Amino acid sequence: MSLGLADAPADSANGLDPNRLFPADPASRDLAVQLYAGIKYLPIISPHGHTDPRWYAENEAFPDPAQLFIVPDHYVFRMLFSQGIDLAELGVPRADGGLTETDSRKIWRIFAENFHLLRATPSRMWLTHAFQEVFGFTKRISAETADEAYDHIADCLARPEFRPRALFERFNIEVIATTESPLDDLKWHRMIRDSGWSGRVVTAYRPDAVVDPEFEGFAANIETFGELAGEAATTWQGYLNAHRARRAYFKSFGATSSDHGHASARTENLSQAKAEELFQKALTGSCTAEEADAFRGHMLTEMARMSLEDGLVLQIHPGSFRNHSGGIMQRFGRDKGFDIPTRTDYVRALKPLLDAVGLEKDLSIILFTLDETAYSRELAPLAGVYPTLKLGPAWWFYDSPEGMRRFREMTTETAGFYNTVGFNDDTRAFCSIPARHDVARRVDCAYLASLVTSGRLDEDEAYEVAHDLTYRLAKQAYRL
């Protein structure tokens, strides 16, 4: 089944060159094309992402083009905001209760008039792929085509073949993981399971709200956490037991991984007495910033120990200065495009955790970064020796052709291919999923072709590696 879904021509006015992202020199390009042909139609494994499980549970039509492509997509609205367009004009809901635009056609027109701002960005490629390959709209988005595009996509969305489950199947998704807080009752996952639909949608355990003392409402979150787990979570042992109970609950809905979005990669292996002391201070709101960071670091080690017990893969997503603008945080809340990459230490930061469990062959830890300077200096050497560690793909700001290429060039020489985990799309934008995977497949094929034509890889090996990077490694790493 194809990643491109509509009957639009492969090479259109929209600019989707069929040989996009392949090398310019003819020998490498020809081989990249052949490698890509061998993996283009493989199923999508999406082991980590942020699509809404409610979509698959209720299987209702998406509301309209603006609500699908603009309002929830921080990649899109952050660029428009950088050029002076207020988030409220783009329909982004306000946390402070203020007014926001509700006319989706008006939101779409603003987007279309400013589509040129996305030139040469990954978002431009993803959106173009979705408009053309999913919805069959082949004209470039602009002020002149805004209403035509809106009407065309809106008409598609009203049809049953564009509902979430139908698109899931047309995208050839074998499995997709969503990400939920331990405070989530997973009712949408239960509805999916009880519906009898064959699509595989699993959850992932994201405990930030109950392991970060600086997370808003931490003490109240712990109370709710304990109630859901049936544990006295305000005691240290009860708190740990609550994590075990909720992890088991998530596993019953298909979870194979946990995910941890800390500001740094800091880990600690504190005494139980010290950890309990910090926990009690966190509950009373009396932690210093240093103590809160130490507690988060210790909880990564505790989560790793629990992974040894229950088999969940541990993902660490550090290095983002989240919600950098206090004003936007106050007006619009979290995750509104103001998360900024920071420098991140891994060698020293991970040592307490690795001293505790780093040689355990049954433990799987996947590391991500927003600090590309760490690829060859720290991450690849760590993953190239510790059996617990694997490198996650180029992430977030670097989920781009250039970022993916840099990732391969800077990590392969030390970590090889088989200490990496393939690709994950990490997206909220459902219709971008086939586009993102297509980009990753093309970039990997281009890189492999360059290795073959420069005498560093045999051609038969390149075909095998292309399949592994596209499909097998993700399934294996995430235990899917």
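The legends below describe a predicted model of one protein chain, beginning with the whole chain and moving on to single residues and pairs.

**Figure 1. The whole protein chain, with its 20 helices and nine strands.** The radius of gyration is 23 Å, close to the 23 Å that the globule rule gives for 480 residues, so the protein chain is as compact as a globular protein of that length. Its C-alpha trace spans about 65 × 60 × 45 Å along the principal axes. Among the contacts with a separation of 6 or more, 77% join residues that are 24 or more positions apart.

**Figure 2. Cover and surface of the protein chain.** Of its 480 residues, 57% count as buried. The protein chain exposes about 18,800 Å², and carbon and sulfur atoms supply 50% of that area.

**Figure 3. Charged side chains of the protein chain.** There are 52 positive and 69 negative side chains. The centres of the two sets lie 0 Å apart. Side chains of opposite charge can pair when their charged atoms come close. The count of salt bridges in this model comes to 37. Some of these are shown in the next views.

**Figure 4. The salt bridge between Asp-147 and Arg-105.** The side chains of the two residues meet with N and O 3.3 Å apart. Asp-147 belongs to helix H7 (residues 146-157) and Arg-105 to helix H5 (residues 104-113), so the pair ties together parts that are 42 residues apart in sequence. Are the two partners buried or partly exposed? Asp-147 is partly exposed, with a relative accessible area of 29%. Arg-105 also counts as partly exposed, at 24% relative accessibility.

**Figure 5. The salt bridge between Lys-139 and Glu-148.** Here the distance from N to O is 3.1 Å. Lys-139 has a relative accessible area of 41% and is partly exposed. Glu-148, at 39% relative accessibility, counts as partly exposed too.

**Figure 6. Arg-266 and Glu-268 within a network of salt bridges.** Arg-266 forms a salt bridge with Glu-268, and their closest N and O atoms are 2.9 Å apart. Both Arg-266 and Glu-268 are buried. Which residues are linked in the network of salt bridges? Along with Arg-266 and Glu-268, the network links Asp-212, Glu-214, Glu-290, Asp-293 and Arg-296.

**Figure 7. Asp-468 in helix H20.** This helix is made up of residues 459-477. Asp-468 has a relative accessible area of 4%, which means that it is buried, the limit being under 20%. With its neighbours within four places in sequence left aside, Asp-468 is in contact with Tyr-418 and Leu-473.

**Figure 8. Ile-110 in helix H5.** Helix H5, residues 104-113, is also where Arg-105 of Figure 4 lies. Ile-110 counts as buried, at 14% relative accessibility. Which residues are in contact with Ile-110, leaving aside its neighbours within four places in sequence? They are Ile-85, Glu-89 and Leu-90. Ala-229 lies 119 residues from Ile-110 along the chain, and the C-alpha atoms of Ile-110 and Ala-229 are separated by 46 Å.

Note on methods:
Residues are numbered from 1 along each chain as its sequence is written. This is a predicted model: local features need pLDDT of at least 70, side-chain atom pairs count only at pLDDT 80 or more; totals for chains, interfaces and linings use all residues. Side-chain values use heavy atoms; hydrogens and water are left out. Helices (H or I, at least four residues) and strands (E, at least two) are DSSP runs, numbered from the N terminus. The radius of gyration is taken over C-alpha atoms; the globule rule is 2.2 Å times the number of residues to the power 0.38. Buried means under 20% relative accessible area, exposed over 50%, partly exposed in between (1.4 Å probe, protein chains only). Contact means heavy atoms within 4.5 Å. Accessible areas come from the Shrake-Rupley method with a 1.4 Å probe; for residues, only the protein chains shown count as cover. Lys and Arg count as positive and Asp and Glu as negative; His and the chain ends are not counted. The place of a charge is taken as NZ of Lys, CZ of Arg, CG of Asp or CD of Glu. A salt bridge is a side-chain nitrogen of Lys or Arg within 4 Å of a carboxyl oxygen of Asp or Glu.
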